Amino acid sequence: MGTVGKEIVGIDVKKLIEKLNQALADEWLAYYQYWVGAKVIKGINKDAVIAELIQHSADELRHAGMLADRIIQLAGTPLLDPKEWTEKSGCGYSAPKDPAVLKILIQNIKGEQCAIKAYKKLMDFTKDKDEITYQMAFEIMRDEVEHEEDLQALEEDLKIK
Ligand code: FE
Ligand code: FE
Ligand code: MG
């Protein structure tokens, strides 16, 4: 990365890169959880949910790209081995073993709630010290908040009989 670009970061860059790699692991797992969930899901009202899951999986993949770009900008290396995704993840992975629409929604809502908290923490960590990462975490968190709301709205619709 550029010398001054790194100088202006007022926090331990190594620690920051670790946190960004943790978020990167979370995004890949979230991407796959949505992607495979959209494939295996079953239930009468599945079509609207599938559309949302596919959109969200694309968003998570885009987030992974933003994180990897920032890691490289900070002269770090994004996780190179998928084995590290589960090892380094903060929010973990919930395999959609039960394909019922409601079960899949509940699993993904939990994931989004974890993501919102994780990005809030990253914002707190970088506030007034690394505006670029702060802004990125803000943008991603805004998507995660939208994701949670989308899924909870679908969950609510399913419960109205
Ligand atoms: Fe995300
Ligand atoms: Fe999300
Ligand atoms: Mg959505």
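In this predicted model, the magnesium ion (ligand 3) is held by three protein donors, namely Glu52 through OE, His56 through NE2 and Asp150 through OD, which lie 2.0 to 2.4 Å from the ion. The iron ion (ligand 2) has protein donors of its own, and Glu60 bridges that ion and the iron ion (ligand 1). The points below take up these metal sites in turn, and then move on to a buried acidic residue and a surface patch.

**The magnesium site**

- Along the chain, the donor residues of the magnesium ion (ligand 3) follow the spacing E-x3-H-x93-D.
- Two of these donors bring distant parts of the chain together, since Glu52 belongs to helix H3 (residues 46-73) and Asp150 to helix H6, with their positions 98 residues apart in the numbering.
- Glu52 has a relative accessibility of 17% and Asp150 has a relative accessible area of 18%, so both count as buried, for which the cut-off is under 20%.

**The iron site**

- The iron ion (ligand 2) has as its protein donors an OE atom of Glu60, two entries for OE of Glu112, an OE atom of Glu144 and ND1 of His147, at distances of 2.0 to 2.4 Å.
- In sequence, the donors of the iron ion (ligand 2) are spaced E-x51-E-x31-E-x2-H.
- Here too distant parts of the chain are linked, because Glu112 sits in helix H5 (residues 101-126) while His147 sits in helix H6 (residues 131-159), and the two are 35 residues apart.
- Glu112, at 3% relative accessibility, counts as buried, and His147 counts as buried at 1%.
- The two iron ions, ligand 2 and ligand 1, lie 3.9 Å apart, with Glu60 as the residue that bridges them.

**A buried acidic residue**

- Asp26, a residue of helix H2, is buried and yet has no salt bridge, and the nearest side chain of opposite charge, that of Lys121, is 9.9 Å away.
- That distance is beyond the 4 Å within which a salt bridge is counted, so Lys121 does not form one with Asp26.
- The side chain of Asp26 does, however, have a polar atom that lies 2.8 Å from the backbone nitrogen of Gly90.

**A nonpolar surface patch**

- Tyr32, Trp35 and Tyr93 make a nonpolar patch of about 280 Å² on the surface.
- Tyr32, one of these residues, is found in helix H2 (residues 13-40).
- With a relative accessible area of 39%, Tyr32 is partly exposed, and because residues of a patch need over 30%, this value allows Tyr32 to take part.

Definitions and conventions:
Residues are numbered from 1 along each chain as its sequence is written. Chains are lettered from A and ligands numbered from 1 in the order in which they are written. This is a predicted model: local features need pLDDT of at least 70, side-chain atom pairs count only at pLDDT 80 or more; totals for chains, interfaces and linings use all residues. Side-chain values use heavy atoms; hydrogens and water are left out. Patches are made of residues with over 30% relative accessible area and no salt bridge: like charges are joined within 9 Å, nonpolar side chains (Val, Leu, Ile, Met, Phe, Trp, Tyr) within 5 Å. Accessible areas come from the Shrake-Rupley method with a 1.4 Å probe; for residues, only the protein chains shown count as cover. Helices (H or I, at least four residues) and strands (E, at least two) are DSSP runs, numbered from the N terminus. Buried means under 20% relative accessible area, exposed over 50%, partly exposed in between (1.4 Å probe, protein chains only). Donors are N, O and S atoms within 2.8 Å of the metal (3.2 Å for Na, K and Ca); water is not among the atoms, so sites may look incomplete. Lys and Arg count as positive and Asp and Glu as negative; His and the chain ends are not counted. A polar contact is a pair of N or O atoms within 3.5 Å; within protein, one must be able to donate a hydrogen and the other to accept it, and residues adjacent in sequence count only if both atoms are side-chain atoms.
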